[in-house]
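Thanks for coming. I will talk through one structure today, starting from a single residue and working outwards. Please have the viewer open.

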Amino acid sequence: MGPLDEELVAAFQGGDVAAFDTLVARWERKIQGAIYRMLGSDDEARDVCQETFLKAFRGLGGFRGQARFSSWLYQIARNLCRDRMRRRKTPNWVSLDEVGENGPTDRGAA
């Protein structure tokens, strides 16, 4: 199977950038699948997966190992998915032209 995730993380933290490539190769499909299940879009899953590994790359130097690497990575992906879903929601704006004295009116009613 090769080195454990913890060994790869320690190697990366020691300056071996190639260790991160091994982690990406090991976890990319699983992370992208989890993201797809949350967002339902292949394009978004690829984008958020890239964001996940970019964020992991930037933060791995400070990773303390209090959780498994995979748990930490999935949490990054979950948080990015939540952010993406929040951005999808648009506020329900009502035009002032459609608001009567008693609230919004239904212009389609006879």
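**Asp5 and the first helix**

Let me start with Asp5, which sits in helix H1; helices here are DSSP runs of H or I with at least four residues, strands are runs of E with at least two, and both are numbered from the N terminus. Before going further: this is a predicted model, in which local features need pLDDT of at least 70 and side-chain atom pairs count only at pLDDT 80 or more, while totals for chains, interfaces and linings use all residues. Residues are numbered from 1 along each chain as its sequence is written, and side-chain values use heavy atoms, with hydrogens and water left out.

Is Asp5 buried or exposed? Asp5 is buried, at a relative accessible area of 11%. The cut-offs are under 20% for buried, over 50% for exposed, and partly exposed in between, using a 1.4 Å probe and protein chains only. The side chain of Asp5 makes a polar contact of 3.1 Å with the side chain of Trp27. By polar contact I mean a pair of N or O atoms within 3.5 Å; within protein, one must be able to donate a hydrogen and the other to accept it, and residues adjacent in sequence count only if both atoms are side-chain atoms. Setting aside neighbours within four places in sequence, Asp5 is in contact with Leu23, Arg26, Trp27 and Phe69, where contact means heavy atoms within 4.5 Å.

Asp5 has company: Leu8, Val9 and Phe12 are also buried in H1. These residues span an arc of only 100° around the axis, so they lie on the same side of H1; the arc is that of the directions from the helix axis to the C-beta atoms. As background, an α-helix has 3.6 residues a turn, so residues three or four places apart point the same way. What do the buried residues of H1 pack against? They pack against H2, H3 and H4.

At the other end we have Gln13, also part of helix H1. Gln13 is partly exposed, with a relative accessible area of 38%. A polar atom of the Gln13 side chain lies 2.8 Å from the backbone oxygen of Leu60. Not counting residues up to four places away in sequence, Gln13 touches Leu60, Gly61 and Phe63. For Gln13 and Phe63 the C-alpha to C-alpha distance is 8.7 Å, with their positions 50 residues apart in sequence. After H1 comes Gly15, with a positive phi near 110°.

**The chain and its core**

Now the whole chain. There are four helices and two strands, in the order α-α-α-α-β-β from the N terminus. Of the 110 residues, 28% are buried. Among contacts with a separation of 6 or more, 54% are between residues 24 or more positions apart.

The largest nonpolar core contains 24 residues, and those with the most contacts inside it are Phe20, Ile31, Ile35, Phe53, Leu60 and Phe69. A nonpolar core is a set of buried Ala, Val, Leu, Ile, Met, Phe, Trp, Tyr and Cys residues joined through side-chain atoms within 4.5 Å. The elements that supply two or more residues to this core are H1 (5–13), H2 (18–39), H3 (42–59) and H4 (69–88). Which of them gives the most? That is H2, with eight residues.

Leu60 is worth selecting in the viewer. Leaving aside neighbours within four places in sequence, Leu60 is in contact with Val9, Phe12, Gln13, Phe20, Leu23, Phe69 and Trp72.

Ser70 is in helix H4 and is buried, with a relative accessible area of 6%. Ser70 and Leu23 are 47 residues apart in sequence, and their C-alpha atoms are 9.4 Å apart. By contrast, Asp47, in helix H3, is partly exposed at 38% relative accessible area.

**Cysteines**

Last item. How many disulfides does the structure hold? Zero, with a disulfide taken as a pair of cysteine sulfur atoms within 2.5 Å. The sulfur of Cys49 has its closest cysteine sulfur in Cys81, 9.7 Å away, which is too far for a bond. Cys49 is buried, with a relative accessible area of 2%, and Cys81 is buried at 0%.

That is the end of my notes.
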